[in-house]
Amino acid sequence: MRSISRLARRAAALGALALSAAFAPALASEEAVVIPPPAVDAKPADGTQTAVFAGGCFWGVQGVFQHTAGVVNAVSGYSGGSKATANYMTISTGVTGHAEAVEIKYNPKQISYGKLLQIFFSVAHDPTQLNRQGPDSGTQYRSAIFTLNDEQKKVADAYIAQLDAARVYKKPIVTKVGALEGFYAAEAYHQDYLTLHPTQPYIVYNDLPKIDNLKKLFPKDYLEKPTLVSSARVTN
């Protein structure tokens, strides 16, 4: 129940701002950045593939990828720490090593790993914020890419270098790239949160603008109806 209460506090803290956003939609917490696609991408593969990204509160990141074509499931969870501390109340202390992350299962014949990275860096979060994202601060809100193999690490490292060289952001990218040691799904009440709570102040102000930006900047990759955890069917 303490973790549920923390959800309420997070929402209440932005209540006034969300009200303003309802009357002035341009005042989004984060602005999308138009960026070039990666010059280096993963090779075509068969079967369902997996990517794991962390970019602040997982509600919005999950929501973005649930609205992305080619994604067959996107699950909110925790990566970077041990299984014993993979729960919301404990990781909220900021000392577990965990980041709020999203595990993305996708069809590489429909969308590439590089395209997922482009969406991640462009609309899902701000990769120049160190150990924070919007109103949330702490190492659990850090920007990170957890790679499953050498190819993913190569693509991610090359893309970060490409974007920094192109100076598409006002500040350097702080996203950390490292091997995935484990992903632990978050509690059930966190799953599909954006879709289930579209009028919650935190969602209205911080996350719905991300969905709008995805639709505007990546119209060919946008799904109007999200692919929810509650209805996803993943075979591998």
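**Reading a sheet, its helices and its rings**

Modeller: Let's begin with strand 1, residues 49-55, where six of the seven residues are buried, so most of this strand is covered. Keep in mind that this is a predicted model.

Biologist: Thanks! How are strands held side by side, and which strands does strand 1 pair with?

Modeller: The general idea is that strands of a sheet pair through backbone hydrogen bonds, either parallel or antiparallel. Here, strand 1 runs antiparallel to strand 3 (residues 99-106), and six bridges join the two. Strand 1 also runs antiparallel to strand 6 (residues 143-147), this time with four bridges.

Biologist: Which residues could I look up to see those partners?

Modeller: Try Ala 51, whose bridge partner in strand 3 is Ile 104. Towards strand 6, Phe 53 stands opposite Ile 145, and Val 52 stands opposite Phe 146. As you step along, remember that in a regular strand the side chains alternate between the two faces of the sheet.

Biologist: What is the order of the strands in the sheet?

Modeller: The order is 7-6-1-3-2-8, an open sheet of six strands with mixed pairing. Strand 7 (176-179) and strand 8 (183-185) stand at the edges with a single partner strand each, so one side of each has no neighbour in the sheet. On average, neighbouring strands of this sheet are turned by 35 degrees against each other, ignoring direction.

Biologist: Which helix packs on this sheet, and which strands does it touch?

Modeller: Helix 3 packs there, touching strand 1, strand 2 (71-79) and strand 3. The direction of helix 3 makes about 165 degrees with that of strand 2.

Biologist: Now to helices that pack on each other. How do I read helix 5 and helix 6?

Modeller: Two packed helices are described by the angle between their axes and the distance between the axes. For helix 5 and helix 6, the angle is about 45 degrees and the axes are 11 Å apart. That angle makes helix 5 oblique to helix 6. Their crossing is right-handed.

Biologist: Which residues make the contact?

Modeller: From helix 5 come Tyr 113, Leu 117, Gln 118 and Phe 121, and from helix 6 come Gln 152, Val 155, Ala 156, Tyr 159, Ile 160 and Leu 163.

Biologist: Is helix 5 mostly covered or mostly open?

Modeller: Mostly covered: eleven of the twelve residues of helix 5 are buried, including Leu 116, Ile 119 and Val 123.

Biologist: I also see many rings. How many aromatic pairs are there, and how should I read one?

Modeller: A pair of aromatic rings is described by the distance of the centres and the angle of the planes. This structure holds nine aromatic pairs. One of them is Trp 59 with Tyr 193, a stacked pair with 3.9 Å centre to centre and 10 degrees between the planes. Trp 59 lies in helix 3 (residues 58-66) and Tyr 193 in helix 7 (residues 193-196), so this pair ties together parts that are 134 residues apart in sequence. Trp 59 is buried, at 0% relative accessibility, and Tyr 193 is buried too, at 6%.

Phe 121 and Tyr 159 form an edge-to-face pair, with 5.7 Å centre to centre and 70 degrees between the planes. The pair links Phe 121 in helix 5 (residues 113-124) to Tyr 159 in helix 6 (residues 150-166), 38 residues apart.

Biologist: Which residues join Phe 121 and Tyr 159 in a cluster of rings?

Modeller: Ring pairs link them with Phe 53, Phe 65, Tyr 113 and Phe 120. You met Phe 53 earlier, opposite Ile 145 in strand 6.

Terms used
Residues numbered from 1 in each chain as written. Predicted model: local features only at pLDDT ≥ 70, side-chain atom pairs only at ≥ 80, totals over all residues. Heavy atoms only, no water. Phe/Tyr/Trp six-rings, centres within 6.5 Å; stacked < 30°, edge-to-face > 60°. Buried < 20%, exposed > 50% of the residue type's maximum accessible area, 1.4 Å probe, protein only. Pairing = 2+ DSSP bridges. Axes fitted to C-alpha atoms, helices over the stretch in contact; angles between N-to-C directions. Contact = heavy atoms within 4.5 Å. Parallel < 35°, antiparallel > 145°, perpendicular 65-115°, else oblique. Left-handed = near helix turned anticlockwise from the far one by under 90°.
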